[in-house]
Amino acid sequence: MDFLMSGVAACGACLFTNPLEVVKTRMQLQGELQSPGTYQRHYRNVFHAFITIGKVDGLAALQKGLAPALLYQFLMNGIRLGTYGLAEAGGYLHTAEGTLSPSRSAAAGGLAGVMGAYLGSPIYMVKTHLQAQAASEIAVGYQYKHRIFPPQSWKVALVAAMVSGIAVVLAMTPFDVVSTRLYNQPTDVQGKGLMYRGILDALLQTARTEGIFGMYKGIGASYFRLGPHTILSLFFWDQLRNLYYTYSK
């Protein structure tokens with residue numbers, strides 16, 4: 001669970017920080033191996049870079065490389081924080097007397113960080129290539145021409161649904177947990193719930209008793225259900241409409 005929770009939490013943050021990653025990548029590649037003053041500065045500062053990219057490449061370009069960025073965050077932080085959490089839960093960070101060992105904590109954190117960075121490095125490379133892609137008038141660094149999926153591929157819609165599903169799941173899972181518990185709670189002879197008085201009461205009780213993680217139980221299943229469910233629903237709906245209009249004429 002530590003792997004999943006830490007990975008999903010990092011993905012949620014990535015949705016908001018990825019535009020800054022795009023700007024950072026462009027500014028770090030600007031003037032590569034060129035003396036100051038000998039090249040054109042397309043990006044003067046962070047704010048100018050945001051405006052320039054939005055105007056020339058379009059606002060969507062500020063989320064370039066989002067798919068590999070999400071995968072990278074999920075894998076790297078899932079491994080890093082998850083491994084450390086397992087070491088802590090297994091008691092490896094404490095001495096025989098039960099006190100927390102700074103040296104063991106540092107070693108476990110370092111090992112977990114190395115594992116996450118090593119396994120996530122290939123994905124980070126792809127992310128960097130995609131985020132550096134720009135229109136010729138503001139291009140910096142070497143321009144790779146990666147294309148993850150061909151145009152109009154159903155895979156594009158699938159990936160888009162899975163990415164957007166992160167934000168939806170993070171926002172909706174607490175309410176989904178509460179609705180499941182409200183429906184499943186025992187009732188008295190009048191049909192009134194015996195455990196919760198309503199939605200707010202269920203949210204408060206869950207948070208107080210089980211903590212914030214208790215409100216996100218089943219988030220992995222919710223996430224991997226949402227993307228395919230959305231795609232399949234729209235696909236079957238489109239096909240049924242085509243069949244209807246074909247045979248109703």
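In this predicted model, Asp 201 is buried, its relative accessible area being 13%. Its salt-bridge partner is Arg 197, and the closest N and O atoms of the two lie 3.5 Å apart. Arg 197 itself counts as exposed, at 76% relative accessibility, so this pair joins an exposed residue to a buried one.

The whole structure contains six salt bridges. Another of them pairs Glu 21 with Lys 127, with 2.9 Å between the closest N and O atoms. Because Glu 21 belongs to helix 1 (residues 2-29) and Lys 127 to helix 4 (residues 102-132), this bridge ties together parts that are 106 residues apart in sequence. Lys 127 is buried, with a relative accessible area of 2%, whereas Glu 21 is partly exposed at 25%. The pair does not stand alone: a network of salt bridges links Glu 21, Lys 24 and Lys 127.

A further bridge is found between Glu 210 and Lys 217, where the closest N and O atoms are 2.7 Å apart. Here Glu 210 is partly exposed, with a relative accessible area of 33%, and Lys 217 is also partly exposed, with 49%.

Helix 3 offers a handy check on geometry. This helix covers residues 66-89, and at 1.5 Å a residue its 24 residues should span 34 Å; the C-alpha atoms at its ends are 33 Å apart, which agrees. Buried positions in helix 3 include Leu 66, Pro 68, Tyr 72, Met 76, Asn 77 and Ile 79. Glycines are also among the buried residues of this helix, including Gly 78, Gly 82 and Gly 85. After helix 3 comes Gly 91, which has a positive phi, near 80 degrees.

His 48 sits in helix 2 (residues 46-56). With a relative accessible area of 19%, His 48 counts as buried, because the cut-off for that class is under 20%. A polar atom of the His 48 side chain lies 3.1 Å from the backbone nitrogen of Arg 44. Beyond its neighbours within four places in sequence, His 48 is in contact with His 42 and Tyr 43.

The surface also carries a nonpolar patch, formed by Leu 232, Phe 236, Leu 240, Leu 243 and Tyr 247. Together these residues have about 580 Å² of accessible area. Tyr 247 is located in helix 7 (residues 219-247) and is exposed, with a relative accessible area of 68%.

Methods. Residues are numbered from 1 along each chain as its sequence is written. This is a predicted model: local features need pLDDT of at least 70, side-chain atom pairs count only at pLDDT 80 or more; totals for chains, interfaces and linings use all residues. Side-chain values use heavy atoms; hydrogens and water are left out. Helices (H or I, at least four residues) and strands (E, at least two) are DSSP runs, numbered from the N terminus. Buried means under 20% relative accessible area, exposed over 50%, partly exposed in between (1.4 Å probe, protein chains only). A polar contact is a pair of N or O atoms within 3.5 Å; within protein, one must be able to donate a hydrogen and the other to accept it, and residues adjacent in sequence count only if both atoms are side-chain atoms. Contact means heavy atoms within 4.5 Å. Patches are made of residues with over 30% relative accessible area and no salt bridge: like charges are joined within 9 Å, nonpolar side chains (Val, Leu, Ile, Met, Phe, Trp, Tyr) within 5 Å. Accessible areas come from the Shrake-Rupley method with a 1.4 Å probe; for residues, only the protein chains shown count as cover. A salt bridge is a side-chain nitrogen of Lys or Arg within 4 Å of a carboxyl oxygen of Asp or Glu. The expected span of a helix is 1.5 Å times one less than its number of residues.
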